[in-house]
Amino acid sequence: MLPRRRHELPPTAGLPLKLADLRPGPATLAVDIAAQLGTPPLELTCSGTAALLVALAALRELKPQRRRVVMPAYTCPLVPLAVHQAGLEPVLCDLRPGHYDMDPHALRAACDERTLAILPTHLAGRVADVDDALAVANNVGAHVIEDAAQALGARRDGSSVGLAGDIGFFSLAAGKGLSIYEGGLLAARDPELRERLARTAARIAPPSLGWELRRSVELLGYAALYRPRGLALAYGNPLRRALRHGDPVAAVGDDFGLPLPLHAVGRWRQAVGAHAARRLPAFIEQCAARAQRHLPRLRAIPGVTVLEDPPGSQGSWPFFFLLLPDQGRRDAALNALWQAGHGVSRLFIHALPDYAYLSDIVPASDVPNARDFAARSLSIGNSLWLTDADMAAICGVLENS
């Protein structure tokens with residue numbers, strides 16, 4: 001095991017807040033981000049998961065006879081929880097072998113006239129194959145919701161992700177690029193659908209003083225601690241404590257419960273986000289440049305696959321996402337790196353059917369490719385504090401494992 005760093009690196013690249021960001025100001029966050037991304041008007045929600053809930057509720061009103069939502073079998077557990085809370089049925093689709101996209105044959109088998117929506121997922125900031133999901137959705141009369149929670153700033157054929165399908169959503173959670181601690185954004189090209197999303201959000205996510213006070217305090221904590229000196233307290237120590245107790249699900253924060261919060265975002269947090277958003281385009285460019293500097297070293301490691309984007313796409317780079325040859329070598333690398341403070345982690349611990357707390361929500365499914373993906377993958381945070389020395393230490397362990 002590597003000796004622990006003196007300071008802690010985060011597992012994702014978040015935009016640090018400055019003291020000046022915390023001052024009051026106009027609540028223009030959604031407008032400002034839409035202008036930067038070149039999207040139609042965006043709807044601000046209290047989380048990326050809330051954005052998905054709003055989208056599902058709006059689509060359910062349009063097609064009340066349809067209840068099934070098809071998603072990758074390896075994705076955030078919040079996705080099936082949101083589907084369940086919306087009164088709908090999660091349907092799992094296995095992945096392509098060694099890839100984050102849904103398998104085309106499995107996707108077609110999972111979809112029929114009962115399907116309300118398909119959720120292609122821009123996992124880890126990589127750009128997903130939305131075209132195949134669109135083809136299947138058009139064939140069965142379903143909608144496509146792009147899960148771009150981890151891909152704020154990613155582009156597909158020159159346009160922001162989230163616009164090829166009917167609806168797209170982004171996350172503004174802690175560590176996901178721009179953050180208001182918890183927040184989300186909904187995108188839709190069709191004006192009538194945008195209006196429906198806005199009405200649905202106003203109805204199911206009203207203002208809540210209690211939740212807004214809680215999120216405001218958490219945002220202040222994020223502003224104070226999201227830097228190497230503070231992350232040991234906020235991230236590293238809880239991680240190591242969970243691992244000592246043999247609980248990797250808690251270590252990566254995969255342990256969620258119902259009901260999921262639904263409330264409007266207050267003006268002060270919107271203003272904080274708007275102030276910080278002025279630095280977002282440069283931050284996204286810096287993440288991409290840092291990735292391009294480190295990718296050649298990672299690609300050169302025998303047996304390691306670095307997940308990258310299809311031609312014509314430019315993903316965002318919140319972290320590097322790797323597949324190792326087998327679970328044994330992945331676990332050997334994690335044993336040396338996970339607690340060393342270099343920002344190495346796992347994204348999601350299991351394929352969705354293997355979370356015990358989802359057993360009453362997610363159907364038992366034969367998804368061997370998703371399970372293999374979960375067993376062989378690890379992530380490396382691409383924060384602005386990642387140095388060449390850090391990457392050299394990480395690559396040395398990967399080469400030896």
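## Helix faces and a helix pair in a predicted model

Val31 and Ala35 are exposed on one side of helix α1, in a model that is predicted. The other side of α1, which spans residues 29-37, carries Leu29, Ala30, Ile33, Ala34 and Leu37, and these residues are buried. Their directions cover an arc of only 130 degrees around the axis, so they lie on the same side of α1. After the helix comes Gly38, with a positive phi near 75 degrees.

Helix α12, residues 327-337, can be described in like terms. Its buried residues are Arg330, Ala333, Leu334, Ala336 and Leu337. Viewed down the axis of α12, these buried residues fall within an arc of 165 degrees and therefore line one face of the helix. Their packing partners are two strands, β13 and β14, and two helices, α13 and α14.

The two helices and their buried residues are set out below.

| Helix | Residues | Buried residues |
|---|---|---|
| α1 | 29-37 | Leu29, Ala30, Ile33, Ala34, Leu37 |
| α12 | 327-337 | Arg330, Ala333, Leu334, Ala336, Leu337 |

A further topic is the packing of α7 with α10. Two packed helices are described by the angle between their axes and the distance between the axes. For helix α7 (residues 209-225) and helix α10 (residues 267-277), the axes come within 10 Å and cross at roughly 30 degrees. Angles under 35 degrees count as roughly parallel, and α7 and α10 are therefore roughly parallel to each other. The crossing in which α7 passes α10 is left-handed.

On the α7 side of this contact are Glu212, Arg215, Ser216, Leu219 and Leu220, which meet Trp268, Arg269 and Val272 in α10. By character, the residues of the contact comprise 4 nonpolar, 1 polar and 3 charged.

Arg23 is located in the segment before α1. Its relative accessibility is 38%, and because buried means under 20% and exposed over 50%, Arg23 counts as partly exposed. Leaving aside residues up to four places away in sequence, Arg23 touches Trp268, Ala271, His275 and Arg278. One of these, Trp268, is also among the α10 residues that meet α7. Gln36 stands 13 residues from Arg23 along the chain, and the C-alpha atoms of the two are separated by 22 Å.

Note on methods. Residues are numbered from 1 along each chain as its sequence is written. This is a predicted model: local features need pLDDT of at least 70, side-chain atom pairs count only at pLDDT 80 or more; totals for chains, interfaces and linings use all residues. Side-chain values use heavy atoms; hydrogens and water are left out. Buried means under 20% relative accessible area, exposed over 50%, partly exposed in between (1.4 Å probe, protein chains only). Helices (H or I, at least four residues) and strands (E, at least two) are DSSP runs, numbered from the N terminus. The arc is that of the directions from the helix axis to the C-beta atoms. Axes are lines fitted to C-alpha atoms, for helices over the stretch in contact, and angles run from 0 to 180 degrees between N-to-C directions. Angles under 35 degrees count as roughly parallel, over 145 as roughly antiparallel, 65 to 115 as roughly perpendicular and the rest as oblique. A crossing is left-handed if the near helix is turned anticlockwise from the far one by less than a right angle, and right-handed if clockwise. Contact means heavy atoms within 4.5 Å. Ala, Val, Leu, Ile, Met, Phe, Trp, Tyr, Cys and Pro count as nonpolar, Asp, Glu, Lys and Arg as charged, and the others, Gly among them, as polar.
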